[in-house]
Amino acid sequence: MAENDPTRWNERYEQGRDGWTLDGPPQILLSLIQSLSRGDPMRVIVPGAGVGHDALAWAQAGHEVVALDFAPAAVARLRERAAEAGLTIEAHVADVTNPGPALNDGLGGRFDLVWEQTCLCAITPELRGAYLAQARSWLTPDGSMLALLWNTGNEGGPPYDMPPELVERLMTGLFVIDKFAPVTGSNPNRREHLYWLRPEPT
Ligand SMILES: C[S@@+](CC[C@H](N)C(=O)[O-])C[C@H]1O[C@@H](n2cnc3c(N)ncnc32)[C@H](O)[C@@H]1O
């Protein structure tokens with residue numbers, strides 16, 4: 001797939017070739033939502049949200065959700081599904097590496113949580129730093145990012161392999177990795193890790 005090209009991603013959604021889309025939110029996310037939904041509702045942003053399984057799951061649990069993806073067909077599907085479910089989700093067609101000043105004004109410093117599943121794995125390698133800097137900018141100082149990242153073991157991409165040593169390098173200066181752990185059960189064919197991240201203090 002061409003680098004950072006929304007057209008190609010969009011075609012995959014339009015043609016039903018979005019093989020990465022699961023049947024629903026992964027079990028690890030449902031468990032996290034259950035454990036994190038005991039206090040006040042949180043403001044959650046979901047970059048690279050695809051057709052929105054995860055965004056819908058957060059909204060279903062009562063959280064305020066913003067979803068971003070640069071494939072219009074995915075965002076349209078997400079909006080339809082939210083409307084069908086009677087859920088309010090603010091969804092934008094946006095490049096998460098450069099959402100633009102107008103959108104950034106509304107997003108900056110506003111979120112308790114960034115949740116991402118295989119968005120960093122999808123980003124063109126040269127733009128990973130820009131994406132992570134954006135993600136950091138969306139968080140409140142006490143906010144955190146939870147990232148479910150594939151460790152495919154394969155060269156090339158997308159999806160790009162995210163072994164722990166690479167993730168550690170990418171996060172340096174931006175996020176502190178509080179912990180990470182292998183995850184099983186979201187899909188038997190995927191080797192993946194969940195990362196608990198918080199913004200590096202400035
Ligand atoms: C592997 S898919 C994962 C989608 C969703 N998180 C899921 O788990 O089903 C990666 C998603 O990131 C989106 N994406 C890739 N690069 C992007 C960028 N620079 N800005 C916004 N979205 C992007 C793609 O359109 C696609 O929906």
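Here are some questions and answers about this predicted model and its ligand site.

Q: Which residues come nearest to the ligand?
A: Let's begin with the ligand, which has 18 residues around it. Of these, the ones that come nearest are Tyr13, Gly48, Asp69, Val96 and Gln117.

Q: How do the residues of the shell around the ligand divide into nonpolar, polar and charged?
A: In this count, Tyr belongs with the nonpolar residues and Gly with the polar ones. On that basis, the shell around the ligand divides into ten nonpolar, six polar and two charged residues.

Q: How far does a polar side-chain atom of Tyr13 lie from an oxygen atom of the ligand?
A: A polar contact here is a pair of N or O atoms within 3.5 Å. The polar side-chain atom of Tyr13 and the ligand oxygen meet that cut-off, as they lie apart by 2.5 Å.

Q: Which residue has a side-chain N or O atom 2.6 Å from an oxygen atom of the ligand, and what share of the ligand's accessible area does the protein cover?
A: The 2.6 Å pair joins a ligand oxygen to the side chain of Asp69. On its own, the ligand has 600 Å² of accessible area. The share of this area that the protein covers is 96%.

Q: Which residue places a polar side-chain atom 2.9 Å from a nitrogen atom of the ligand?
A: This contact involves a nitrogen atom of the ligand, and the distance is 2.9 Å. The polar side-chain atom belongs to Asp95.

Q: Which pocket is the space taken by the ligand?
A: Pockets are found on a grid over the protein atoms alone, so the ligand itself does not shape the result. The space that the ligand takes is the largest pocket.

Q: Where are the cis peptide bonds from Gly157 to Pro158 and from Pro158 to Pro159?
A: Most peptide bonds are trans. The bond from Gly157 to Pro158 is cis, with omega near 0 degrees, and the bond from Pro158 to Pro159 is cis too, with omega near 0 degrees. Pro158 is found between β5 (139-150) and α7 (164-171). Pro159 also lies there, in the loop between β5 and α7.

Q: What is the phi of Thr118, which is not a glycine?
A: Most residues other than glycine have a negative phi. Thr118 lies in the loop between β4 (111-117) and α6 (128-138). Its phi is positive, at about 55 degrees.

Q: Is Thr118 buried or exposed?
A: Buried means under 20% relative accessible area. Thr118 has a relative accessible area of 17%, so it is buried.

Q: How far apart in space are Thr124 and Thr172, C-alpha to C-alpha?
A: Thr124 is found in the loop between β4 and α6, and it counts as buried because its relative accessibility is 4%. In sequence, Thr124 and Thr172 are 48 residues apart. In space, their C-alpha atoms are apart by 18 Å.

Q: Which residue has its backbone oxygen 2.7 Å from a polar side-chain atom of His53?
A: His53 is in helix α3 (residues 53-60) and counts as buried at 15% relative accessibility. The backbone oxygen that lies 2.7 Å from its side chain belongs to Leu22.

Notes:
Residues are numbered from 1 along each chain as its sequence is written. This is a predicted model: local features need pLDDT of at least 70, side-chain atom pairs count only at pLDDT 80 or more; totals for chains, interfaces and linings use all residues. Side-chain values use heavy atoms; hydrogens and water are left out. A residue is near a molecule or strand if one of its heavy atoms lies within 4 Å of it. A polar contact is a pair of N or O atoms within 3.5 Å; within protein, one must be able to donate a hydrogen and the other to accept it, and residues adjacent in sequence count only if both atoms are side-chain atoms. Accessible areas come from the Shrake-Rupley method with a 1.4 Å probe; for residues, only the protein chains shown count as cover. On a 1 Å grid over the protein atoms alone, a cavity is a set of points where a 1.4 Å probe fits but cannot get out, and a pocket is an open set with protein on both sides within 12 Å along at least five of seven lines; lining residues have an atom within 4 Å of a point. A molecule sits in a cavity or pocket if more than half of its atoms lie within 2 Å of its grid points. Helices (H or I, at least four residues) and strands (E, at least two) are DSSP runs, numbered from the N terminus. Buried means under 20% relative accessible area, exposed over 50%, partly exposed in between (1.4 Å probe, protein chains only).
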